[in-house]
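Please open the structure in your viewer and keep the selection tool at hand, since this tour moves from one selection to the next and says what is found at each stop.

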Amino acid sequence: MSPAAPAPPHADAPLLAALRPVSLAETNERAALVTRTCRKYLVPAKLLEPLFAGARDRFGVLTIDGRRSFRYSSTYLDTPGLRTFHDHRQGRRVRFKVRTRTYVDTGTRVFEVKLKGARGVTDKVRTEHAGPPDRLVPATRRFLDDTLLAYGVEPPDTLEACAVTDYRRTTVVALDGEERVTVDTGLVGHRGGWSVRMRPDVVLLEVKTRGGLTSTERGLHGFGFREAGFTKYGATVAALEPRLRGNRWHRAMGACLDHPVPCSPERGAGGPPAAEGNGRWGPGS
């Protein structure tokens, strides 16, 4: 199995292609939204055109070196007992998630800690990661410990690679800074020599904002779609570990995932994806 996700259905969508190009610097200036509320929607790929129709004066699309669609690979690190998975599945109000993220087109790699607070706000911090994707190096271990302690969470003694997700992402940016909408396609989750793929007619939208419902979400509600209980890491582990109950995401998983199939041992164990390019940039969150 190739480590990279297949081409997204919206790659050549005329409407998204017609949006104004927005640089990474401008994206961060207008809508960095590192501390944010993030809501997810699973929708048919064909909905993208009517959803963003007439949006050229309000939205741009992240464009780097002429690219508008980027390959991502995230390796999730968890305790041997899957603490972060269970915390999320049980809906604990204060929790965290740890991953390394590789921007496959360039080989750029970062280490990220996502923190969820009692008020439902997500805070994400990151640092460069100079090691392999499936393990910590001393610098990232210190970064993790300092981050969690400052957040009032006791750092775990041991972390190991527990799942890998590969996908493509296009980022639509509201020019007024209200929101950022990521459009993920071709999602493939890997764990323990098995993989599960998102169906090609489905896209995962993540709406990131500091406020309430955005204009995009109001449009989604108008088309009959509501926020989905879904997480790439949680769905991957739940789908590929029959002994674990993924009831929190069961309905969403059934709506978008195909049946598990064997994958290469390297991908299932969190090995690195193939990379291209010169490592000059990474397209953000």
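Begin with the aromatic rings of this predicted model, among which the count comes to 7 aromatic pairs. Select tyrosine 76 and tyrosine 233 to see one pair that is stacked, with 4.9 Å from centre to centre and 15° between the planes. Tyrosine 76 belongs to strand 4 (residues 70–78) and tyrosine 233 to helix 7 (residues 232–240), so this pair ties together parts that are 157 residues apart in sequence. Tyrosine 76 and tyrosine 233 are both buried, and hiding any surface display will help in following them.

Keep tyrosine 233 selected and add phenylalanine 85, whose ring forms an edge-to-face pair with tyrosine 233, at 6.4 Å centre to centre and with 85° between the planes. Because phenylalanine 85 lies in helix 4 (residues 83–89) and tyrosine 233 in helix 7, this pair ties together parts that are 148 residues apart in sequence. Phenylalanine 85, like tyrosine 233, is buried. If Trp249 is now added to the selection, one aromatic cluster is complete, formed by Tyr76, Phe85, Tyr233 and Trp249.

Which residues does tyrosine 233 touch, not counting residues up to four places away in sequence? Selecting its contacts brings up Tyr76, Asp78, Leu82, Thr84, Phe85, Cys162 and Ala163. One of these, cysteine 162, has 4% relative accessibility and therefore counts as buried. Cysteine 256 can be selected for the sake of another cysteine, and with 0% relative accessibility cysteine 256 counts as buried. A search for disulfides ends with none to display, as the structure holds 0 of them.

Widen the view next to the largest nonpolar core, which has 31 residues, and in which Leu42, Phe85, Phe230 and Tyr233 touch the most other members. Two or more residues of this core come from each of strand 4, strand 8 (160–174), strand 11 (202–209), helix 7 and helix 8 (250–256), and helix 7 gives the most, with 5 residues. A second core, separate from this one, has 20 residues, and Leu47, Leu51, Phe59 and Ala174 are among them. In soluble globular proteins, nonpolar side chains tend to be buried together.

Two further stops show a charged side chain over a ring. Select tyrosine 72 together with arginine 169, which lies over the face of that ring at 5.2 Å from the ring centre. Then turn to tyrosine 167, where the charged end of lysine 232 sits over the ring, 4.7 Å from its centre.

For the last part of the tour, switch to a ribbon display and select strand 5 (residues 95–103) with strand 6 (residues 108–116). Strand 5 and strand 6 run antiparallel and are joined by 9 bridges, and at tyrosine 103 the residue standing opposite in strand 6 is threonine 108. The hairpin made by strand 5 and strand 6 has 4 residues between the strands, and glycine 107 takes a positive phi near 85° there.

Now add strand 7 (residues 122–128), which pairs with strand 6 in the antiparallel sense over 7 bridges; to find a place where strand 6 faces strand 7, select valine 113, which stands opposite valine 125 in strand 7. Is strand 6 largely enclosed by the rest of the structure or largely open? Of its 9 residues, 8 are buried, so strand 6 is largely enclosed by the rest of the structure.

Key: Residues are numbered from 1 along each chain as its sequence is written. This is a predicted model: local features need pLDDT of at least 70, side-chain atom pairs count only at pLDDT 80 or more; totals for chains, interfaces and linings use all residues. Side-chain values use heavy atoms; hydrogens and water are left out. Buried means under 20% relative accessible area, exposed over 50%, partly exposed in between (1.4 Å probe, protein chains only). Two strands pair if DSSP finds at least two bridges between them. A disulfide is a pair of cysteine sulfur atoms within 2.5 Å. Rings of Phe, Tyr and Trp (its six-membered ring) pair if their centres lie within 6.5 Å; planes under 30 degrees apart count as stacked, over 60 as edge-to-face and the rest as tilted. A charge sits over a ring if NZ of Lys or CZ of Arg is within 6 Å of the ring centre and within 35 degrees of the ring normal. A nonpolar core is a set of buried Ala, Val, Leu, Ile, Met, Phe, Trp, Tyr and Cys residues joined through side-chain atoms within 4.5 Å. Contact means heavy atoms within 4.5 Å.
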